[in-house]
Structure formats: structure tokens, C-alpha cells
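Please read this report alongside the sequence and the coordinates. It covers local backbone features, cysteines, sheet pairing, surface and charge pairs.

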Amino acid sequence: LPSGTVLDGELVVLRDGRADLSAILRRHHLASARKIQQASRHLPVTYVLFDCLYHQGRALLDQPLAARRAVLAELHSDMGDIPVVFSDGLIGCGRTFFEKVVQQGHEGVMGKHLESRYLPGRRESAWCKIKPWQVTACVIIGYTRSRDGFSSLLVAETEGKTLRYVGQLTRGFTNEM
């Protein structure tokens, strides 16, 4: 990359064309050089490019997404055979694309307005993470405390006469509720 270039992206381990979160976490926690080398052969990491924030020292943060992605596409075309992929965008047919993505086992998509600016550390309404709804009947089995009362509910689903922990619910209610 040219000096002074900063990209936004995500390191992933791809399995069957999908990001495998548990595999990247296993890679992240390795400490020995031998295990890291072995993992690089069996669980190779790919960098998925999303955005270009600086190009040759020039800030692109205030440029529209479409302009930043055009710079990114040009940079990507010059990268050769390194394990980097360009997260291509799609205009139109969003619902059909989303359904296909979910059907293939991906966690969802990011919708971004083409005129949006890059706001470090913030996600404005111009960017929207779209995930499929999953409905599971659960029971409350506990909560985590905070200074104000609680910060999350712990929930489980029933499997016959046993409970299987599902996770934490952290949004959508107040302490009064």
C-alpha cells in the first residue's frame, strides 16, 4: 500500500466461503511461534476490505462512501496474490441479496448510504447492520447486576425437563420494567 494509507476491514478465517468467528478467536489466542505457523497453514486469515480512510496521507473521512470505495477498489486491484478480499457492494435487490446471504449461513449484511461519511467510533443512521430475526421461547434464569439495578437478563430455553443457557438480553427494557 502507498505510505499514509489506512484501511478499514476485518480479519476472518473463511470456511466454505463464510467467516468462522470461533476459528479466528482460536488464532487470536495462540502464543507459540510453532502453533501460529501451523494455524497459518490450516486456518489461514483473510483481510476483508470495507473502506479507505486515508490515502497517501490524505484524509478521506469526509468523502462520500462511493468515492472512498472507488479508491479502495483501485488499491485492491494492485494488491496481487495476498489474502485480501474486497467486500463488494450491491445497489438494488437488497432484500433478495439479504435472503440469499442468510440462507448461506452468514450473520447478515451492512447497509450503507452511498453519500455517507466515515465517522470513527460512531455508527450513524446512514449505516445499518441487518440481521435475521430468530425467535426462541426462553425463560429468565437470572440477571447481571449494575449500579442502577441490572444490566442484562440471562435466559435459557427448555429442552424437555432441562434448561439450556441461550445468552444475555441487554436491550429493550428499563430498570422499572
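The sections below describe selected features of this predicted model.

## Three-stranded sheet

Three strands form an open sheet in the order β8-β9-β10, with antiparallel pairing. Because β8 and β10 stand at the edges, each with a single partner strand, one side of each has no neighbour in the sheet. Direction ignored, neighbouring strands of this sheet are turned against each other by 30° on average. In general, strands of a sheet pair through backbone hydrogen bonds, in a parallel or an antiparallel manner.

The contact between β8 and strand β9 (residues 149–159) consists of 7 bridges, and the two strands run antiparallel. One position can be given by residue: Gly142 has Leu154 in β9 as its bridge partner.

## Nonpolar surface patch

Which residues make the nonpolar surface patch of about 360 Å²? The patch is made by Val139, Ile141, Leu163 and Tyr165. At least two of the patch residues come from β8 (139–146), and at least two from β10 (162–169). These two strands are the ones that stand at the edges of the sheet.

Val139 is found in strand β8. Its relative accessibility is 34%, so Val139 counts as partly exposed. This value also satisfies the patch criterion of over 30% relative accessible area.

## Salt bridges

How many salt bridges does the model contain? The count comes to 5. One of them joins the side chains of Arg15 and Asp20, with an N to O distance of 3.3 Å. The two partners fall into separate accessibility classes: Arg15 is partly exposed at 38% relative accessibility, whereas Asp20 is buried at 17%.

The side chains of Arg68 and Asp51 also meet in a salt bridge, at 2.8 Å from N to O. This pair links distant parts of the chain, since Arg68 belongs to helix α3 (residues 65–77) and Asp51 to strand β3, 17 residues apart. Is this pair buried or exposed? Arg68 is buried, with a relative accessible area of 0%. Asp51 is likewise buried, and its relative accessible area is 0%.

## Further charge pairs

Glu107 forms a salt bridge with Lys129, and their closest N and O atoms are 3.0 Å apart. Here too the pair links distant parts of the chain: Glu107 is in the loop between α4 and β6 (109–112), Lys129 is in strand β7 (residues 127–130), and the two are 22 residues apart. Glu107 is exposed at 52% relative accessibility, while Lys129, at 40%, is partly exposed.

A network of salt bridges links Glu157, Glu159 and Arg164. Strand β9 covers residues 149–159, and β10 covers 162–169.

## Cysteines

A disulfide is a covalent bond between the sulfur atoms of two cysteines. How many disulfides does the model have? The count is 0. Cys128 is in no disulfide, and the nearest cysteine sulfur, which belongs to Cys93, is 18 Å away. The cut-off for a disulfide is 2.5 Å between the sulfur atoms, so the 18 Å separation does not qualify.

The cysteines named here differ in accessibility class. Cys52 is buried, with a relative accessible area of 0%. Cys128 is partly exposed at 39% relative accessibility, and Cys93 is exposed at 61%.

## Positive phi angles

Most residues other than glycine have a negative phi. Gln56 is not a glycine, yet has a positive phi of about 50°. Where does Gln56 lie? Gln56 is in the loop between β3 (45–55) and β4 (58–59). With a relative accessible area of 54%, Gln56 is exposed.

Cys93 also has a positive phi, in this case about 55°, although it is not a glycine. Cys93 is found in the loop between β5 (84–86) and α4 (94–103). Cys93 counts as exposed because its relative accessibility of 61% is over the 50% cut-off.

Methods. Residues numbered from 1 in each chain as written. Predicted model: local features only at pLDDT ≥ 70, side-chain atom pairs only at ≥ 80, totals over all residues. Heavy atoms only, no water. Helix = DSSP H or I, 4+ residues; strand = E, 2+ residues; numbered from the N terminus. Buried < 20%, exposed > 50% of the residue type's maximum accessible area, 1.4 Å probe, protein only. Patch = residues over 30% accessible without salt bridge, like charges linked within 9 Å, V, L, I, M, F, W, Y side chains within 5 Å. Areas by Shrake-Rupley, 256 points an atom, 1.4 Å probe, with all protein chains shown as cover. Salt bridge = Lys/Arg side-chain N within 4 Å of Asp/Glu carboxyl O. Pairing = 2+ DSSP bridges. Axes fitted to C-alpha atoms, helices over the stretch in contact; angles between N-to-C directions.
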